[in-house]
Amino acid sequence: QFSDSAGYVGFANLPNQVHRKSVKKGFEFTLMVVGESGLGKSTLINSLFLTDLYPERYIPGAAEKIERTVQIEASTVEIEERGVKLRLTVVDTPGYGDAINSQDCFKTIIQYIDNQFERYLHDESGLNRRHIIDNRVHCCFYFISPFGHGLKPLDVEFMKALHGKVNIVPVIAKADTLTLKERERLKRRVLDEISEHGIRIYQLPDADSDEDEEFKEQTRVLKASDIPFAVIGSNQLIEVKGKKIRGRLYPWGVVEVENPEHNDFLKLRTMLVTELHDLSEHFQLLKSRIGSAFYHERKDLKLRRMQEMIAQMQAQMRMKPGDD
Amino acid sequence: GQSGLGKSTMVNTLFKSKVSRKATQPGREERIPKTVQLQSVTHVIEEKGVKMKLTVTDTPGFGDQINNENCWDPIIKYINEQYERYLREEILITRKRKIPDTRVHGCVYFVPPTGHWLRPLDLEFMRRLSKIVNVVPVIAKADTLTLEERAEFKQRIQRDLKAHAISVYPQEDFDEDPDDRALNDRIREENPVHRGGGGKGNGKRVLGRKTKWGIIEVENPMHCEFPMLRDLLIRSHLQDLKDITHNVHYESYRVRRLNES
């Protein structure tokens, strides 16, 4: 609101302008999803974004899986909520962990992530920078099986290889197979193993002191709650007490996706949504944390390579015969 | 099966006593071993005056590595070693009155409840093992699948097995009695069978798992097929498993070995 009182210039309105522009422009977010087949990844993504990203899904049989290597499949969808547009890209990695020998199964994934960064770097240093599309992977949901006793060797190796390149959010899938006690034991075990192996997973940053109370409280609750989040997804609506809710119907009861007593789905969604819709540090942080680290690493690398080339050229010039 | 699929719990539930390897080593934190090991535990259990010497062989490390190629080899080796042992006793001129039988009569294979298809590892394992031992595939931790998902999963598994000509127990060709056949057909339709874990229940004592959304009763056939598995393995087909092991699997081994020498 413009005020004509003395001393008021009006730039206090800047955040609103930025906000308006961002809302108009929309947000981009790329989420990578990694985990063995059958952990409910697709169902969870559809539940999180209330969309059907995989309408004509084909699940290959074992014989086909034997032949396959890891594929990268990106699906983009434009979602809108209250006038805010989100261009969401979900990068799937079918084939991960399926083969009998999974030794090389994350090479393809690492290559993909690196390529997106290269491309962005390249576009950024190009002539036409107005319409750069940001396809860098901002976040990776890594699905941990609820059937094991903790992390598997493959889980450890993957996270160690990728924690420097992408924000890893470990997620315990199909949480309805665990009792409360089993869930807590598994979370503790997973966290122990993560710290034992020096794996850096995405940590929600603290809220700033000047944020509003509600936001601070929300952040506090999210941080205090046990990660990794143990979640359930569902595309089916079940009638419970007269209401239609997302859930899974078993002979012994109904598991409700959005019931915090049943699983951590709401916490996961809140965390993700906080990162996406807020023009806050969190959003920038999520995108830029890896961005700047990688960018500087790559820039350093490029710089170093150039320096090496120059050094080589100089060495060669010095060695040229008959030039003294 | 891979670690964490509830193998030890199932075995304990099946025999209503702590017979698994883990039960005999309580309190140890489970770490995945780097190679597949075979560990057997033997108990003598008794019911209504009938004694049974039960040996449970576990395979920690199976399918847990990043590279699981040939992880079935130690298992195949173990099974053949037991046949070899028996053979040596059998060909003695003065045989023991009762040849000690350490042969594996049944191999329960735990398939994770992905709801999709059998994984390459499952296929490879069952293809090889079903040729030398009775393999009973079981969908582990089935309480994560709705009834609909279970039915679909089972169908896909059965199709997969058929497509790859993998013959699991009860096998089709060994029916003798027409009455037997009717029974086997029903069981075969239900095969693979599911199970849920074991635990304590509410006011009325049931064996089950307590969750926020309900109590899963292990012995309730509407919840899980554990009773059928128990019936199959113990109540009705225990002797059948032994007979087929002796008359079919052991015989093939014996014929192979005698031809070799």
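Helices are DSSP runs of at least four residues, numbered from the N terminus. The exercises below concern a predicted model.

**Exercise 1. Establish how far helix α2 of chain A is enclosed, and find which residue just after α2(A) takes a positive phi.**

Solution. Begin with the extent of the helix, which covers residues 41-49 of chain A. Next, apply the criterion for burial, a relative accessible area under 20%. Among the residues that meet it are A:Leu44, A:Ile45, A:Leu48 and A:Phe49, together with the polar-named entries A:Ser42, A:Asn46 and A:Ser47. Eight of the nine residues of α2(A) are buried, and the helix is therefore largely enclosed by the rest of the structure. Finally, step past the end of the helix, where A:Leu50 takes a positive phi of about 50°.

**Exercise 2. Work out the strand order and the pairing of the open sheet that contains β8 of chain A.**

Solution. The sheet has three strands in the order β7-β8-β9, and their pairing is antiparallel. Its edges are β7 (237-240) and β9 (253-256) of chain A, each of which pairs on one side only. Averaged over the sheet and with direction ignored, neighbouring strands are turned by 70° against each other.

Take the β7(A) side next: four bridges join β7(A) to β8(A), and A:Ile238 has A:Ile245 as its bridge partner in β8(A). These two strands form a hairpin with two residues between them, and A:Lys241 in the turn has a positive phi of about 50°.

On the other side, β8(A), which spans residues 243-250, pairs with β9(A) over four bridges in the antiparallel sense. Within this pairing A:Gly247 has A:Glu256 as its bridge partner, while A:Arg248 stands opposite A:Val255. A hairpin is formed here too, with two residues between β8(A) and β9(A).

**Exercise 3. Classify the aromatic pairs A:Tyr96 with A:Phe158 and A:Tyr250 with A:Trp252 by their geometry.**

Solution. A search of the whole structure finds 11 aromatic pairs over all chains. For A:Tyr96 and A:Phe158, the centres are 5.4 Å apart and the planes stand at 75°, an angle that falls in the edge-to-face class. A:Tyr96 belongs to the loop between β3 (84-92) and α4 (107-124) of chain A, whereas A:Phe158 belongs to helix α5 (residues 153-162) of chain A, and the pair thus links distant parts of the chain, 62 residues apart. Both residues are buried, and with A:Phe106 and A:Tyr142 they form one aromatic cluster.

For A:Tyr250 and A:Trp252, the centres lie 5.0 Å apart and the planes meet at 5°, so this pair is stacked. Each of its members is buried, A:Tyr250 with a relative accessible area of 4% and A:Trp252 with one of 8%.

**Exercise 4. Explain why A:Cys105 has no disulfide with A:Cys140, and state how A:Cys140 is placed.**

Solution. The whole-structure search finds zero disulfides over all chains. The criterion is a pair of cysteine sulfur atoms within 2.5 Å. Because the closest cysteine sulfur to that of A:Cys105 is in A:Cys140, at 12 Å, the separation is too far for a bond. A:Cys140 is likewise in no disulfide, the nearest cysteine sulfur being that of A:Cys139, 7.1 Å away. As for placement, A:Cys105 is buried at a relative accessible area of 7%, and A:Cys140 is buried at 0%.

Conventions: Residues are numbered from 1 along each chain as its sequence is written. Chains are lettered from A and ligands numbered from 1 in the order in which they are written. This is a predicted model: local features need pLDDT of at least 70, side-chain atom pairs count only at pLDDT 80 or more; totals for chains, interfaces and linings use all residues. Side-chain values use heavy atoms; hydrogens and water are left out. Buried means under 20% relative accessible area, exposed over 50%, partly exposed in between (1.4 Å probe, protein chains only). Rings of Phe, Tyr and Trp (its six-membered ring) pair if their centres lie within 6.5 Å; planes under 30 degrees apart count as stacked, over 60 as edge-to-face and the rest as tilted. Two strands pair if DSSP finds at least two bridges between them. Axes are lines fitted to C-alpha atoms, for helices over the stretch in contact, and angles run from 0 to 180 degrees between N-to-C directions.
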